[in-house]
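Here are a few notes to help you find your way around this one. Keep the viewer open and follow along point by point.

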Amino acid sequence: MTHYRIPANWKGWSGKPLSFVLSDLMYGFDFIRRSTLAEFTRYLDKVNIDLNKIKDGDIHLAMHEQGDSLHYYEKGHITFTFDCGDCVSQRYVRWSETSGEKVYIGVQSVGSDTPITDSAQVDFSTAPILSAPRGVKDAAALFGVPIVSNKRYVAVRFTLQYVNADWIKDYATHKVYNENNVLVDRTVRGFTPVMRSFEIITRKKTELQLKKLPKKLDMPVDGIKLSGGTQWDALQKIRQKYPFDSQCSFENGQAYFECAKSLEKPINYEKMLRADDAEARQFNNTTIKTIKHELDTVNVLHCYGAGEGLQQLYVRVPEHGTYDSRDTVEQVFTDTKMKTVEELRQAGYKKIKTLRKDDNPMFQVQTDEPLRMFDTVPLVHPKTNKIYRVHVEHERIRYKENVYEQEFGLGGVLFNPMQGVADAIFKDEPEAVREYAYKPFSVTAHAKTGCITLEWEGQEDTYSVKWKKKSDTEYNYRQVTGRTSDFNGLENYQPYLFSVAGTYNGAVSEYTQEITAEPVDWATNPNNPDNAVNKAIAARTPKYLGVVETVPANKTAVITKGERLGAVDANPGDWVLMNKTVGGWKVGVCYRWTGGKWEPLTPEKNYGEHYHACMLHICEIEELMKETGHFGALFAEALVTQEAFIKKLAADQAFLKELIVQKLRIDSDRNSDKDFEAWFDETNGLLIKNNNQEVFKVTPSGFAFMKNAKFEGEIDCQGFKVINASDTKQTLQFSWSKGNDAFTCAGKISTIEDANYLSRNNYFYDTPLVTKHYGTGIYGGDTVRCVLYERCACFGLSVKLRLLNKTGEEIGTISATKSGGVINTAATTDEQGYAYRVSLHDFQFYTYSPAQQVLMPNIKFGKPTEHNLLYRDENGFLKIS
């Protein structure tokens with residue numbers, strides 16, 4: 001297993017059961033990579049596909065003339081064939097692509113027992129089209145998709161597609177090769193994905209065979225980085241996280257590997273190993289000796305040259321089999337100076353010849369004791385006489401000069417066993433690798449002209465947005481860094497659908513619930529204060545501009561006090577207040593622009609509303625405060641009050657002990673209904689408006705209305721109470737870990753009844769024993785408020801946990817059936833007991849202790865026949881009929 005390497009960025013074991021991963025480790029990996037134009041030309045067939053017809057294009061959709069413009073085809077495919085060798089495990093194809101929101105690459109595959117040399121030999125009509133997760137960076141290169149694995153010869157078809165075509169808005173300028181193979185600038189309508197390279201990951205047999213399928217090892221393997229090293233490295237990383245036992249044996253010359261939760265291998269003190277014990281020489285039975293590395297000479301070299309990722313040049317030396325026709329021993333060689341496949345191949349052959357001459361020594365244990373791979377034996381330290389419990393993790397058996405010899409390595413490599421013991425003792429736990437992404441939340445959309453701005457909250461740095469016009473059949477996918485994105489070029493007043501998923505290291509969370517949003521014509525939207533309509537209305541509505549101290553020569557007045565200071569152009573009907581007597585204008589008189597001249601608004605009593613609008617500024621003119629006759633009857637009553645009161649009024653500091661009026665109205669701008677207004681009278685009751693929308697109202701009959709209402713404190717009314725809680729501390733009720741089965745999770749809640757008890761009390765499949773547990777917890781980013789715990793006597797003992805969110809919707813299920821003490825891990829449906837479903841996330845469930853409690857004593861259980869009534873469902877959740 002140390003001789004076989006695992007691909008870089010290998011994700012094929014993520015989330016798979018431990019038993020599957022251990023079984024699959026028996027098979028090695030091989031690669032078939034295509035990354036150059038010469039290699040791309042070795043295709044079986046292609047339709048509507050061009051090779052490098054645009055600069056750096058590699059494989060892309062072909063172009064065709066459409067009238068005077070150049071268009072991409074909306075769909076095309078190219079097919080390649082491969083000899084994939086052994087049919088022993090799942091194969092994959094991974095590819096490097098440049099894609100976008102409206103383009104993607106799908107993959108189909110079919111197999112054959114004979115070489116595929118003609119497109120008539122293959123039929124893709126029933127083969128599913130698979131694609132890597134869209135909207136996720138490098139998903140195709142990291143994960144790829146599975147291909148046919150039960151036939152030696154395989155045809156793989158890549159389908160390139162442009163969806164939701166918009167030939168008006170979708171275009172780009174490219175460097176395009178013309179008929180003379182010269183690059184010219186052309187505008188091409190539509191979009192195309194580009195495939196840069198691809199590799200087929202195939203599997204092959206090794207010297208080891210699995211003796212039997214492991215049992216009771218059903219936990220999913222995750223949180224461990226298993227790619228890039230040897231298969232032996234992967235096995236040791238798995239062993240550190242998941243407890244299991246393993247051993248090797250020989251039968252009829254074949255090496256077998258076996259693993260299980262426990263193989264009951266007690267330490268065998270009859271096989272105690274002693275070496276160089278000076279005080280008890282008679283017990284020495286082991287020699288630590290130096291041997292040559294040539295016994296493990298490299299015979300397969302994986303060579304990598306210039307480039308990155310799947311675009312990096314790759315050559316296998318030799319192309320098939322091994323260099324010396326012996327058992328496989330693999331290594332990796334990288335030289336980024338190699339720019340062509342041929343250069344890399346020559347360098348690879350030169351390197352393997354050098355490696356096969358290496359003469360580096362290593363330490364091994366040689367003993368006559370009848371040991372076998374993975375035996376657990378005691379090792380006596382020659383200095384301290386301490387006994388260490390060690391595993392035999394390498395073995396080599398051979399005849400040398402007709403003498404039987406067996407040599408072993410302890411601790412996983414062929415080396416000094418004492419150092420191996422130290423490594424085993426002090427080796428750090430492997431760093432956990434997160435293989436999932438958190439789901440975002442609080443998705444909102446804001447509409448403007450031809451644009452939707454999407455915003456959301458979340459824990460990830462990158463996200464995938466799935467969106468489309470509601471009438472479209474295909475979704476578009478966008479990769480986003482951050483928590484907001486603008487979608488431009490949309491049709492106004494057309495509905496669009498949006499949902500968001502978190503992405504992390506190639507993993508994708510569940511997408512949020514779709515929301516609908518429509519772009520609007522913001523230039524004419526009533527909510528836009530600067531739109532043309534509102535500006536026109538404002539221009540036609542006369543208004544008070546402010547105070548002037550100079551006589552305007554035209555419509556432009558220089559305002560010294562007012563909403564806008566400086567030079568302001570007056571519209572017909574707008575007026576100002578003069579602050580001085582100068583140039584024929586009088587202090588305290590309002591002047592109105594007619595469109596051609598300024599005219600005085602006199603006598604004042606005929607223009608009450610105009611003067612009321614500038615009352616505050618009038619009160620700030622000191623000489624007017626002492627000359628009330630100037631205002632006549634209009635202001636006489638208002639100005640006969642004491643001078644001190646007027647000064648307070650002018651400074652907005654008036655203080656009244658008692659105010660008694662028949663009607664009260666507050667209006668910050670009498671000439672506009674877009675400002676803040678309030679009425680308190682017998683007709684309106686209490687009415688408040690803002691921007692011409694009612695925000696608060698109490699009618700004379702007592703009906704109350706509040707827009708965007710929010711209450712604080714307690715509420716006490718008949719049939720409904722909101723009271724403050726005395727204790728808001730949350731306590732943990734129970735918890736379990738990701739990967740736990742249903743029986744483990746249920747055992748955290750309470751003792752599980754046995755099947756006999758459930759059967760005697762008639763708790764069967766249709767009538768399970770159910771207990772309900774209320775509280776709060778987070779399961780994969782979703783809030784859980786209730787856990788339904790079901791158990792019944794069905795094909796043995798069956799347990800199911802149903803996790804409900806705050807609306808009563810089921811967001812997670814954990815279940816299993818146990819018969820004869822063994823969990824049926826193969827069950828995929830609830831037809832014979834419950835399907836085997838493990839917990840997909842870590843979970844902690846606390847008591848729910850909100851700061852306030854709501855008491856509604858008069859709500860009945862069961863759905864009423866009337867509509868729009870509150871009721872409680874069978875799980876206690878509030879619903880509306």
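1. Let's begin with a turn in this predicted model. The hairpin of β51 and β52 has two residues between the strands, and G820 there takes a positive phi near 65 degrees. The two strands run antiparallel and are joined by two bridges, with β52 covering residues 822-823. If you want a pair to click on, K818 stands opposite I823 in β52.

2. Now step back to the hairpin of β50 and β51. Five residues sit between these strands, and G808 has a positive phi near 90 degrees. Strand β50 (residues 797-804) and strand β51 (residues 810-819) are antiparallel, with eight bridges between them. One place to look is K800, whose bridge partner in β51 is S815.

3. Glycines aside, have a look at N52 and Y493. Most residues other than glycine have a negative phi. N52 is not a glycine, yet its phi is positive, at about 60 degrees. You'll find N52 in the loop between β3 (49-51) and β4 (59-61). Is N52 buried or exposed? Neither, quite: its relative accessible area is 23%, so N52 counts as partly exposed.

4. Y493 also isn't a glycine and has a positive phi of about 60 degrees. Its loop runs between β30 (484-487) and β31 (496-504). With 45% relative accessibility, Y493 is partly exposed.

5. Next, the cis peptide bonds. Most peptide bonds are trans. V317 and P318, however, are joined by a cis bond with omega about -5 degrees, and P318 belongs to the loop between β20 (314-317) and β21 (330-334). Another cis bond links T602 to P603, with omega about -5 degrees. P603 is in the loop between β39 (598-600) and α8 (608-613).

6. There's a sheet worth tracing too. It is open and mixed, with three strands in the order β15-β17-β16. β15 (208-210) and β16 (245-251) are the edge strands, each pairing on one side only. On average, neighbouring strands here are turned by 35 degrees against each other, ignoring direction. Seven bridges hold the antiparallel pairing of β16 with β17 (residues 254-260), and Q247 is found opposite E258 in β17.

7. Finally, the empty space. How many cavities of 30 Å³ or more are there? The count is two. The second largest has about 40 Å³ of space. Its lining includes W10, W13, F20, Y92 and R203. Sorted by class, that lining has four nonpolar, three polar and three charged residues.

Note on methods:
Residues numbered from 1 in each chain as written. Predicted model: local features only at pLDDT ≥ 70, side-chain atom pairs only at ≥ 80, totals over all residues. Heavy atoms only, no water. 1 Å grid on protein atoms, 1.4 Å probe; cavity = no way out; pocket = protein on both sides within 12 Å on 5 of 7 lines; lining within 4 Å. Points joined across faces, edges and corners; volume = space filled by probe spheres on them. Nonpolar A, V, L, I, M, F, W, Y, C, P; charged D, E, K, R; others polar. Pairing = 2+ DSSP bridges. Helix = DSSP H or I, 4+ residues; strand = E, 2+ residues; numbered from the N terminus. Axes fitted to C-alpha atoms, helices over the stretch in contact; angles between N-to-C directions. Buried < 20%, exposed > 50% of the residue type's maximum accessible area, 1.4 Å probe, protein only.
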